[in-house]
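Got your viewer open? Load the model, switch to cartoon view, and keep the selection box handy for a short walk.

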Amino acid sequence: MWQEKLNEWDVAVKAPPFGLPPVGPSKAEHVDAAERELQQLSSGPSSSSSSSSFSSASEAAAASSSSDAASSSSSSDAAPPAESSAGAEMPALHPFSIPDDYRSFLAEFGPSLVGRVRIFGCGENVSPSDIRQHAYRLHDLFCSEDFKTAHRVPMHSLVVFAQDKQTDMWYGWRRMPLEWCSAEEWAGGKSHRVFCFQEEANAPLPKLVARSFTHFVQEVALGTRVDELGVKKTRVELGDDDEVEDDEELDEEDYYHPPRVLQPLPARGTDV
């Protein structure tokens, strides 16, 4: 499936650099196990069972590391602004499931550098190329009482699966609070849309950049959609009064055009 798509999109598949072996395709049982673990990140730190499970997963990740399309469509998802989300009660979220097209990508290639983004996989153990290592860390950060935002979107609802090599911004699926949409709407297409976000405090709202994982690979990883939507990393000046500096909009000729290459991540890390 994916090789055919890559051929259609004129994307070359290259081996990892320096003759390193690739991480390799993700097995179905490992993807299923990762999905079950990520489902436990749904409730915030107020849930003792979730917190306990999450703590164990975080310790495992730490041990391993030492070895909507357009923004107008996403306006219905945005919550009223607030000075801070820290200390607020974590809302209940719709259930999480790993998208089928992401599953099939991992089954064919495993974690890979595609164009401008690193796409993480699901292995037997938590590692830098595993979706869980990054999801655990960001969930822990976003659930911290010290983490503050300028909006009410629950950042702990984001499940990261990729990182932008150009900007270090993150891409993930967002689990919406139950009161924000019905189960029918959730099952009808909202569950697997892709958002771009930052981990820094006082960062802007997560930005809807793709309607599915396939759309994300074609238009974000391999395309210019990030620049077209004006998505860029804010710079926060630390001081008595934090100020966010915003760059001027890019002209079309200044858009970054990612290399049309897929390169499986090497087994010894993700820094390629």
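Select β5 and β6 to begin: the two strands pair in the antiparallel sense over four bridges. (Strands here are DSSP runs of type E with at least two residues, helices are runs of H or I with at least four, and both are numbered from the N terminus; two strands pair if DSSP finds at least two bridges between them.) This is a predicted model, in which local features need pLDDT of at least 70 and side-chain atom pairs count only at pLDDT 80 or more, while totals for chains, interfaces and linings use all residues. When you type selections, count residues from 1 along each chain as its sequence is written, and note that side-chain values use heavy atoms, with hydrogens and water left out.

**Along β6**

Show Trp170 as sticks, then look across to β6, where Phe197 stands opposite. Now move to the other neighbour: β6 and β7 run antiparallel and are joined by three bridges. Here Val194 stands opposite Ala210 in β7.

Which residues of β6 sit on one side, and which on the other? Val194 and Cys196 are on one side, Phe195 and Phe197 are on the other, and all are buried, so to speak under cover on both faces. (Buried means under 20% relative accessible area, exposed means over 50%, and partly exposed is in between, using a 1.4 Å probe and protein chains only.) In a regular strand the side chains alternate between the two faces of the sheet.

While Phe195 is on screen, add Arg174: its charged end sits over the ring of Phe195, 4.6 Å from the centre. (That label needs NZ of Lys or CZ of Arg within 6 Å of the ring centre and within 35 degrees of the ring normal.)

**The whole sheet**

Zoom out and colour the strands. You're looking at an open sheet of eight strands with mixed pairing, in the order β1-β10-β2-β3-β4-β5-β6-β7. β1 (12-13) and β7 (207-210) stand at the edges with a single partner strand each, so one side of each has no neighbour in the sheet. Go to the β1 edge: β1 pairs with β10 (residues 261-264) in the parallel sense over two bridges, and the bridge partner of Val13 there is Leu262.

Next, switch on two helices. α5 packs on the sheet and touches β4 (158-164), β5 and β6 (194-197), with its direction at about 120 degrees to that of β4. α7 also packs on the sheet, touching β2 (112-114), β3, β4, β5, β6 and β7, and its direction makes about 155 degrees with that of β3. (Contact means heavy atoms within 4.5 Å; axes are lines fitted to C-alpha atoms, for helices over the stretch in contact, and angles run from 0 to 180 degrees between N-to-C directions.)

**Rings**

Now select the aromatic residues. A search of the whole structure finds 17 aromatic pairs. (Rings of Phe, Tyr and Trp, the last by its six-membered ring, pair if their centres lie within 6.5 Å; planes under 30 degrees apart are stacked, over 60 edge-to-face, and the rest tilted.) Try Tyr102 and Phe213: their ring centres are 5.3 Å apart and their planes stand at 75 degrees, so this pair is edge-to-face. Tyr102 is in helix α4 (residues 100-108) and Phe213 in helix α7 (residues 213-221), so the pair ties together parts 111 residues apart in sequence. Both Tyr102 and Phe213 are buried.

Then pick Phe120 and Trp170, a tilted pair at 6.4 Å centre to centre, with 40 degrees between the planes. Both Phe120 and Trp170 are buried. For a wider view, find the aromatic cluster whose members include Trp2, Trp9, Phe96, Tyr102 and Phe213.

**Charges**

Side chains of opposite charge can pair when their charged atoms come close. How many salt bridges does the structure hold? It holds seven. (A salt bridge is a side-chain nitrogen of Lys or Arg within 4 Å of a carboxyl oxygen of Asp or Glu.)

- Asp130 and Arg132 meet at 2.8 Å, N to O; Asp130 is buried at 1% relative accessibility, and Arg132 is buried at 3%.
- Arg103 and Glu35 have their closest N and O atoms 3.3 Å apart; Arg103 is partly exposed at 21%, while Glu35 is buried at 14%.
- Asp32 joins Glu35 and Arg103 in a network of salt bridges.
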